[in-house]
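Please open the structure in a viewer and keep the sequence at hand. The tour below proceeds by selections, from the whole chain to single residues.

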Amino acid sequence: MQKMMKLISGSLVAGLVLFGAGCGNGTEGKPTGTLVSISSTGEASKVPDEADISAGVVTEAEESQQAMQANAEQMEKLIKAIEKAGIDKKDVQTSGISLTPRYSSRPNSEGPNRQITGYMARNTVRITVREIDELGEVLDKMAEAGANNIYGPNFSIGEPEPLLAEARGKALDLARERAETYADSLGMKVARIVSISEGGNGGAPRPMMRAEMASADARTPVAPGETTMSVNLELVFELKD
């Protein structure tokens, strides 16, 4: 019995020793060299392939119901024109409907005694155009259908990830070059990247639209320019002798 207990005890001690060796002291993987923190930015540009436009109808009448009714009739024509222009229903969304009174503009007519002289009804939709080449034609068709409020366009990239990947690669290459510069100056070498954190942003020019009256068939010209997207990286490199 005592011999069996000794064998069990010996096995337990061996197991503890092996377990301790497997766990180590918790220092593996921790940087032992010099650390350098580097910020870098990469940019990539592309002609945008989508545009957002706000378009709507404003109507006025002496009575609120008349203003809303006239607006509804005109807005229905606009929606049909948008559909005929090839815009998918999922890319058309109402962004605002309002009805506001118009007051008399006589001097000293402020306060509760001001007279309501009529009402203004407004209905606006937000449209995404996915064929940039057709943007001018879409704008013209909306104007022909009675749209008297058009704002935009705001250009964007439909699938931004490939452009972000390009910007990301440029930022990483720049950070590595800077790390190599520090390492060479110190007579050291870049051992590895310890950590990376990322932030990004994108921007786009907003060219103004201008209507040219050269001919009745002329389209509204639109210049999409380029959309530039950027990625900001924060990296920590480990340098060693």
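Two strands are said to pair if DSSP finds at least two bridges between them. Strand 3 and strand 4, the latter being residues 116–129, satisfy this with eleven bridges in the antiparallel sense. The model in view is a predicted one.

**The whole protein**

Begin with everything selected and coloured by secondary structure. The protein holds four helices and seven strands. Read from the N terminus, its elements follow the order α-β-β-α-β-β-α-β-α-β-β. Of the 241 residues in the protein, 28% are buried. Displayed as a surface, the protein exposes about 15800 Å², and carbon and sulfur atoms supply 51% of that area. Among contacts with a separation of 6 or more, 84% are between residues 24 or more positions apart.

**The four-stranded sheet**

Next, select strands 2, 3, 4 and 5. In which order do the four strands of this open sheet lie? The order is 3-4-2-5, and the pairing is antiparallel. Strand 3 (92–103) and strand 5 (149–156) are at the edges; each has a single partner strand, so one side of each lacks a neighbour in the sheet. On average, neighbouring strands here are turned by 15° against each other, direction ignored.

Strands in a sheet are held in pairs by backbone hydrogen bonds, in a parallel or an antiparallel arrangement.

**Along strand 4**

Keep strand 4 highlighted and follow its bridge partners. Towards strand 3, Tyr 103 is partnered by Ile 116 of strand 4, and Thr 100 by Met 120 of strand 4. Now turn to strand 2 (50–61). Strand 2 and strand 4 run antiparallel and are joined by eleven bridges. Ala 51 has Val 129 of strand 4 as its bridge partner.

**Two residues of strand 3**

Select Ser 98, which belongs to strand 3. Is Ser 98 exposed, partly exposed or buried? Its relative accessible area is 29%, and partly exposed covers the range between under 20% and over 50%, so Ser 98 is partly exposed. Leaving aside residues up to four places away in sequence, Ser 98 touches Met 120, Ala 121 and Arg 122. A distance label drawn between the C-alpha atoms of Ser 98 and Met 120 should read 8.1 Å, although 22 residues separate the two along the chain.

Move to Ile 97, also found in strand 3. Ile 97 has a relative accessible area of 55%; because exposed means over 50%, Ile 97 counts as exposed. Add Met 68 and Leu 99 to the selection: with Ile 97 they make a nonpolar surface patch of about 260 Å².

**Helix 3 across the sheet**

Finally, select helix 3 (residues 135–144), which lies across strand 2, strand 4 and strand 5. The helix runs at about 10° to strand 2. Which residues of helix 3 are buried? They are Leu 135, Gly 136, Val 138, Leu 139, Asp 140 and Met 142.

An α-helix has 3.6 residues a turn, so residues three or four places apart point the same way.

To see what covers the buried residues of helix 3, show its surroundings: the cover includes strand 2, helix 2 (64–84), strand 4 and strand 5. The last stop is Gly 146, which follows helix 3 and has a positive phi, near 115°.

Methods
Residues are numbered from 1 along each chain as its sequence is written. This is a predicted model: local features need pLDDT of at least 70, side-chain atom pairs count only at pLDDT 80 or more; totals for chains, interfaces and linings use all residues. Side-chain values use heavy atoms; hydrogens and water are left out. Axes are lines fitted to C-alpha atoms, for helices over the stretch in contact, and angles run from 0 to 180 degrees between N-to-C directions. Contact means heavy atoms within 4.5 Å. Patches are made of residues with over 30% relative accessible area and no salt bridge: like charges are joined within 9 Å, nonpolar side chains (Val, Leu, Ile, Met, Phe, Trp, Tyr) within 5 Å. Accessible areas come from the Shrake-Rupley method with a 1.4 Å probe; for residues, only the protein chains shown count as cover. A salt bridge is a side-chain nitrogen of Lys or Arg within 4 Å of a carboxyl oxygen of Asp or Glu. Buried means under 20% relative accessible area, exposed over 50%, partly exposed in between (1.4 Å probe, protein chains only).
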